[in-house]
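Let's get to know a new structure by working through a few exercises together. Have a look at it first, then try each task before reading the solution.

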Amino acid sequence: MSFWAFILPVCAAVAYVTAALFIKRAAELGADVWRTAFVCNVTSALCFQGLLLLGGTVKPLGFWWQPALVALLFLSGQIWTFVCLSRGDVSVATPVLGLKILMVAAFSTLFLTKPLTPQMWISAALATAGVVLLNLSGRQKNVPKNPQTGFTIITAGLAALSYAAFDVLIQKWSSDWGLGRFLPIAIGLVGVYSFALMPFFKAPLRVLSPFAWRPLVGAAFFMSLQAILFVSTIAYFQNASAANVIYSVRGLLSIAAVWLLGHWFANEEKAQGAAAFGPRIAGAALMFVAVVLILMEPHPEIHPPTPENAAPHQEMSSPSPEN
């Protein structure tokens with residue numbers, strides 16, 4: 001695995017955790033999930049157009065159902081992510097979203113004919129145990145279960161399912177179009193689809209207070225940044241499973257962010273104490289072990305996508321001149 005195939009998902013994970021804190025703060029200041037989704041998606045659609053400079057092949061209209069479907073999956077993943085982050089606990093939602101790596105492995109088997117190895121199944125068992133610990137976090141005798149925990153796990157799971165299908169189809173179809181065509185078209189369609197969210201706005205965007213706009217702009221910027229870094233890694237290096245393994249470190253980063261930076265965003269999850277965070281840390285640790293096991297698994301060298309009108313790229317193990 002090349003240096004850039006590793007470092008780009010790590011940077012995307014850091015950007016995601018930062019965006020999650022901004023989304024939580026914006027929600028507390030009145031930015032409902034639909035307006036947040038609209039602003040972030042339109043911002044991402046505009047930012048992705050910069051990838052047009054990388055070139056590629058525009059396929060005939062008969063193939064445009066591919067980016068259209070990918071765009072729907074992206075929008076679904078975004079909406080469910082914003083719902084769980086705005087109404088649930090960041091430190092619960094992010095590790096659950098880490099289960100996407102297992103869904104990517106399963107979808108890769110279905111759509112890319114990549115069989116699961118025994119090591120992958122062990123990782124799946126460890127990750128499942130981690131989710132159980134997250135679901136039991138903070139539960140004590142004579143204390144009712146926090147209803148937000150179950151809600152967060154369900155909505156985060158739906159987001160992970162949508163994003164897993166999105167990742168695998170990006171790997172499957174981007175090689176025929178080229179990174180500089182498939183991604184701008186697909187994410188551009190996300191921006192178009194997002195206008196359908198406007199009837200669900202709690203109020204027009206113009207009535208949002210300046211205090212709400214500040215974290216909302218931060219959320220849109222960092223969400224767009226993480227999307228470009230992560231999705232481009234999948235499209236270029238053609239290894240969605242490896243990229244997701246590395247990206248899953250955001251589960252541990254989210255817990256660290258809540259403890260170290262949460263007070264800057266008026267996030268009070270840290271106040272729940274060790275009774276809540278002990279099981280969460282244990283669950284995140286199990287998911288981390290699952291990630292390490294997959295990282296230790298050998299991955300074959302994969303050639304980046306080469307559209308018919310583009311010059312061949314170098315192998316993954318060689319530094320890319322474009323980077």
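## Exercise 1: Two threonines

Thr152 lies in helix H7. This is a predicted model, so keep that in mind as you go.

**Task.** Find out whether Thr152 is buried or exposed, and which residues it touches beyond four places in sequence.

**Solution.**
- Step 1: Take the relative accessible area of Thr152, which is 0%. Buried means under 20%, so Thr152 is buried.
- Step 2: Leave out residues up to four places away in sequence, and Thr152 touches Cys84, Gly88, Asp89, Val92 and Ala93.

**Task.** Now do the same for Thr155, and say which backbone oxygen its side chain reaches.

**Solution.**
- Step 1: Place the residue: Thr155 sits in helix H7, which covers residues 147-177.
- Step 2: Check its cover. Thr155 has a relative accessible area of 3%, so it counts as buried.
- Step 3: Follow the side chain of Thr155, and you arrive at the backbone oxygen of Thr152, at 3.2 Å.
- Step 4: Set aside neighbours within four places in sequence; Thr155 is then in contact with Trp80, Val83 and Cys84.

## Exercise 2: Helix lengths

**Task.** What span should helix H5 have at 1.5 Å a residue, and what do its end C-alpha atoms say?

**Solution.**
- Step 1: Helix H5 runs over residues 100-111, which makes 12 residues.
- Step 2: The expected span is 1.5 Å times one less than the number of residues, so H5 should span 16 Å.
- Step 3: The end C-alpha atoms of H5 are 16 Å apart, which agrees.
- Step 4: While you're there, pick out the buried residues of H5: Lys100, Ile101, Leu102, Val104, Ala105, Phe107 and Ser108.

**Task.** Repeat this for helix H8, and work out how many of its residues are buried.

**Solution.**
- Step 1: H8 covers residues 179-193, 15 residues in total, so the expected span is 21 Å.
- Step 2: Its end C-alpha atoms are 21 Å apart, so H8 agrees with the expectation.
- Step 3: Of the 15 residues of H8, 12 are buried, so the helix is largely enclosed by the rest of the structure. Among them are Leu179, Phe182, Pro184 and Gly191.

## Exercise 3: A pair of helices and the loop between

**Task.** Describe how helix H9 and helix H10 meet: what are the distance and the angle, and which residues make the contact?

**Solution.**
- Step 1: The axes of H9 (residues 210-237) and H10 (residues 240-247) come within 8 Å and cross at roughly 145°.
- Step 2: H9 brings Gln226, Phe230, Thr233 and Ile234 to the contact, while H10 brings Ala240, Ala243, Asn244 and Tyr247.
- Step 3: Sort these residues by type, and you get five nonpolar, three polar and no charged.
- Step 4: Check the cover of H10: eight of its eight residues are buried, so this helix is largely enclosed by the rest of the structure.

**Task.** What is the phi of Gln238, and where does this residue sit?

**Solution.**
- Step 1: Gln238 belongs to the loop between H9 and H10.
- Step 2: Its phi is near 55°, a positive value in a residue other than glycine.
- Step 3: With a relative accessible area of 10%, Gln238 is buried.

## Exercise 4: The whole protein

**Task.** How many helices and strands does the protein have, and what share of its residues is buried?

**Solution.**
- Step 1: Count the elements: 12 helices and zero strands.
- Step 2: Of the 323 residues, 53% count as buried.

Technical notes: Residues are numbered from 1 along each chain as its sequence is written. This is a predicted model: local features need pLDDT of at least 70, side-chain atom pairs count only at pLDDT 80 or more; totals for chains, interfaces and linings use all residues. Side-chain values use heavy atoms; hydrogens and water are left out. Helices (H or I, at least four residues) and strands (E, at least two) are DSSP runs, numbered from the N terminus. Buried means under 20% relative accessible area, exposed over 50%, partly exposed in between (1.4 Å probe, protein chains only). A polar contact is a pair of N or O atoms within 3.5 Å; within protein, one must be able to donate a hydrogen and the other to accept it, and residues adjacent in sequence count only if both atoms are side-chain atoms. Contact means heavy atoms within 4.5 Å. Axes are lines fitted to C-alpha atoms, for helices over the stretch in contact, and angles run from 0 to 180 degrees between N-to-C directions. Ala, Val, Leu, Ile, Met, Phe, Trp, Tyr, Cys and Pro count as nonpolar, Asp, Glu, Lys and Arg as charged, and the others, Gly among them, as polar.
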